[in-house]
Amino acid sequence: MTDIPVPAPAAAAAPSASGLPAWLSAVHPAWWILGFLLLFMPAMAGDFVLVQIFGWSFILGMIALSLMFLGGYGGMVSLAQMTIAALAGYMAAVFGTSSVAEISLGLPWWIAVPIALSIATLFGVVVGALAVRTAGIYTIMITLAISAAFFYFALQNYEIFNGQRGFNGIRAPVAFGVDWRAPVPFYYLTLALAAASYLFVVYVGRAPFGLALQGIRDNARRMAAIGYNVTAHRIAAYAVASFIAGVAGILLTWQNGQISPGTAGIPAVIDILVIAVVGGLGHPIGPFLGALLYALLRTFALDVFSAFGFESTRFNLLVGVAFLVVVLASPDGLVGLWRRWRDRRRPAAKPSGGHR
Amino acid sequence: MSSVAERLSATGTANALELRGITRLFGALAALTDVTISVRPGERRAVLGSNGAGKTTLFNCITGDFLPTSGTIRFFGEDITSFPPHERIRRGLRRTYQISLLFKGLTVVDNVYLACRGVSRGRFSLLRPRRGDAIRAAAESLVEAVHLTGVRDRLVGELAYGQQRQLEIALALAGAPRFVLFDEPAAGLSPTERSELVEILTALPRHIGYVIIEHDMDVALRVVESVTMMHNGRIFKEGAPQEIEDDPEVQDLYLGGGHG
């Protein structure tokens with residue numbers, strides 16, 4: 001294991017034939033097109049689409065991404081991610097500014113946001129510590145129980161969570177000369193943070209921490225037998241996932257301008273699971289695909305339903321049926337659908353290894 | 001005073017493995033009863049016995065997959081009886097499993113990389129290994145050592161059975177092992193693969209001792225210098241391979257009586 005010759009540094013630094021660094025030319029053209037489209041979306045779409053469809057998708061996608069990180073990499077399905085996001089949103093309201101002046105401390109955003117994120121991450125660690133010794137359905141049950149407990153606590157606690165009414169009048173700050181509550185800046189804010197979380201999860205998937213998490217998913221007992229503290233690793237994964245969920249929770253609160261117990265209600269908790277599963281837990285892009293589909297259905301199902309002459313109050317039926325179709329057609333979600341389509345187009349191609 | 005003694009023992013006077021009065025109960029069933037074994041550093045020993053003799057339970061107690069009901073385990077002089085598995089592994093203990101326990105969703109080289117990373121620093125690193133990373137290079141050479149270079153980028157779930165067994169061994173040789181427990185490494189292998197296995201075992205550096213559970217006497221007795229026979233959770237006989245092979249009681253119990 002010693003004195004292993006290191007490859008010549010020239011090979012590491014040499015640009016590829018196209019003159020671009022290797023990591024840049026390795027990016028698939030489809031990503032360039034997607035990036036271009038998303039960057040110039042404000043030129044094509046109105047404020048409603050920017051914030052209510054895309055902004056919302058990015059935010060829900062990040063919360064579902066935190067579930068994908070735990071579930072897809074770590075094999076731990078946590079139903080607490082929406083709750084952790086909501087706690088971050090609540091804390092941003094408590095430490096920052098809202099219309100509920102008797103509770104909100106009115107600290108500037110650059111203090112309130114880090115505090116909110118720290119509390120959410122810490123809470124995630126506690127949830128993790130409680131959940132990681134269980135497996136499978138029991139992890140789901142314990143995290144669901146925590147979510148339900150949080151919902152009722154927020155509903156009945158008036159000192160911190162302001163009970164049923166929660167907080168309103170919470171706004172994204174004006175910072176660096178930009179009013180982040182305006183639709184276009186808010187779109188870019190959510191896009192940038194969603195892209196950063198996505199790239200982080202992709203990157204970490206090939207780093208020791210992420211690889212070890214996938215090893216734990218495949219075989220926890222063996223991970224212990226090659227020197228890993230499985231419990232510590234799992235709890236650390238909860239911390240990372242909770243930080244991502246926390247960022248999204250604050251964005252969600254800024255987008256809605258309010259937060260109340262319903263934000264972390266059981267239907268919202270289940271929605272995150274549905275988004276992650278429909279999008280696919282096999283790749284970090286899945287949660288964002290699921291979130292976009294969810295946002296589109298939630299926004300337009302009502303119109304589509306009334307257009308066909310059904311009673312409009314039953315529009316959730318369409319949402320449910322659409323998700324059912326995806327899951328039946330592809331148990332590994334939209335990502336799986338896309339992978340199979342790609343493999344069918346290139347039947348000779350070698351199967352890809354792991355998460356990339 | 002005791003710390004001086006411990007340090008002395010850690011520098012080589014102690015046995016690699018020292019089990020004293022290990023008993024393991026599963027409810028009313030005694031899987032192991034008062035097992036006492038010493039293995040010197042660098043010693044290579046076979047544990048033989050019919051199914052249900054307690055061989056794998058013994059391994060599980062040594063690696064901490066579960067704890068013994070009573071008794072103590074010392075590893076190079078250090079009392080590891082109540083250590084969690086990963087702490088034992090980080091001290092240089094390794095094992096393979098009878099049924100391959102691998103990371104089927106990862107590639108061959110990533111499996112070995114995880115094993116190399118598991119006994120070094122940076123297990124929690126969020127940074128990808130850089131070009132020329134020493135642990136990565138160690139993983140590559142280990143993949144080569146067990147003849148898996150040709151399938152290094154394949155998902156482990158897609159490997160043939162024999163290749164999975166070879167990978168199982170690679171995971172146990174990662175880092176700087178001081179002592180390895182092999183649990184039936186030859187099970188299910190073809191005759192060619194068996195002789196490859198014997199080659200790998202005999203090619204291990206002399207300072208690495210091991211205990212091997214093996215039903216195939218041809219494999220077992222070629223790669224060890226001492227043998228422990230177990231029966232019904234107890235030590236039945238200990239001795240050199242030839243002594244055990246020639247022992248009438250052993251023949252009666254194990255070789256003659258079959259092991260179904």
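**A tour of chains A and B**

Among contacts in chain A between residues at least 6 apart in sequence, 73% join residues at least 24 apart. The model on display is predicted, and the tour starts with chain A before passing to selected strands of chain B.

**Stop 1: chain A as a whole**

Select chain A and colour the chain by secondary structure: 15 helices and 4 strands should appear. Then switch to a surface representation. The exposed area of chain A is about 16,600 Å², and 70% of that area is supplied by carbon and sulfur atoms. Of the 356 residues in this chain, 47% count as buried.

**Stop 2: a helix pair in chain A**

Next, select residues 266-279 of chain A, which form helix α12, together with residues 333-345 of chain A, which form helix α15. The two helices pack with their axes 3 Å apart and at an angle of about 5°. Angles under 35 degrees count as roughly parallel, and α12(A) is therefore roughly parallel to α15(A). To see where the helices touch, show the side chains on both partners. On the α12(A) side, the contact is made by A:V277, A:V278 and A:G279; on the α15(A) side, the residues are A:G333, A:L334 and A:V335. Colouring this contact by residue class gives 4 nonpolar and 2 polar residues, with no charged ones.

**Stop 3: the sheet in chain B**

Move to chain B and display its strands as a cartoon. An open sheet of 6 strands can be followed in the order β6-β7-β8-β3-β9-β10, and its pairing is mixed. At the edges are β6 (93-95) and β10 of chain B, each of which pairs on one side only. Viewed along the sheet, neighbouring strands are turned against each other by 20° on average, direction ignored.

**Stop 4: strand β8 and its neighbours**

Select residues 209-213 of chain B, which make up strand β8. Are these residues buried or exposed? The strand is mostly covered, with 5 of its 5 residues buried. Both faces are covered: B:G209, B:V211 and B:I213 are buried on one side, and B:Y210 and B:I212 on the other.

Now add the two strands that pair with β8(B). Strand β7 (residues 179-183) of chain B pairs with β8(B) in the parallel sense over 5 bridges. Within this pairing, B:F179 has B:G209 as its bridge partner. Strand β3 (residues 44-48) of chain B also runs parallel to β8(B), joined by 4 bridges. Here, B:A46 stands opposite B:I212.

Continue across the sheet from β3(B) to β9(B). These two strands pair in the parallel sense over 4 bridges. To locate the register, pick B:V47, whose bridge partner in β9(B) is B:T228.

**Stop 5: two residues with positive phi**

Finally, select B:N232, in the loop between β9 (226-231) and β10 (234-239) of chain B. Although B:N232 is not a glycine, its phi is positive, at about 50°. Over 50% relative accessible area counts as exposed, so B:N232, with a relative accessible area of 53%, is exposed.

Which other element of chain B is worth selecting for its backbone? B:D34 is found in strand β2 (residues 29-39) of chain B. The phi of B:D34 is near 50°, again a positive value in a residue other than glycine. With B:D34 centred in the view, the tour ends.

Methods: Residues numbered from 1 in each chain as written. Chains lettered and ligands numbered in written order. Predicted model: local features only at pLDDT ≥ 70, side-chain atom pairs only at ≥ 80, totals over all residues. Heavy atoms only, no water. Buried < 20%, exposed > 50% of the residue type's maximum accessible area, 1.4 Å probe, protein only. Contact = heavy atoms within 4.5 Å. Areas by Shrake-Rupley, 256 points an atom, 1.4 Å probe, with all protein chains shown as cover. Axes fitted to C-alpha atoms, helices over the stretch in contact; angles between N-to-C directions. Parallel < 35°, antiparallel > 145°, perpendicular 65-115°, else oblique. Nonpolar A, V, L, I, M, F, W, Y, C, P; charged D, E, K, R; others polar. Pairing = 2+ DSSP bridges.
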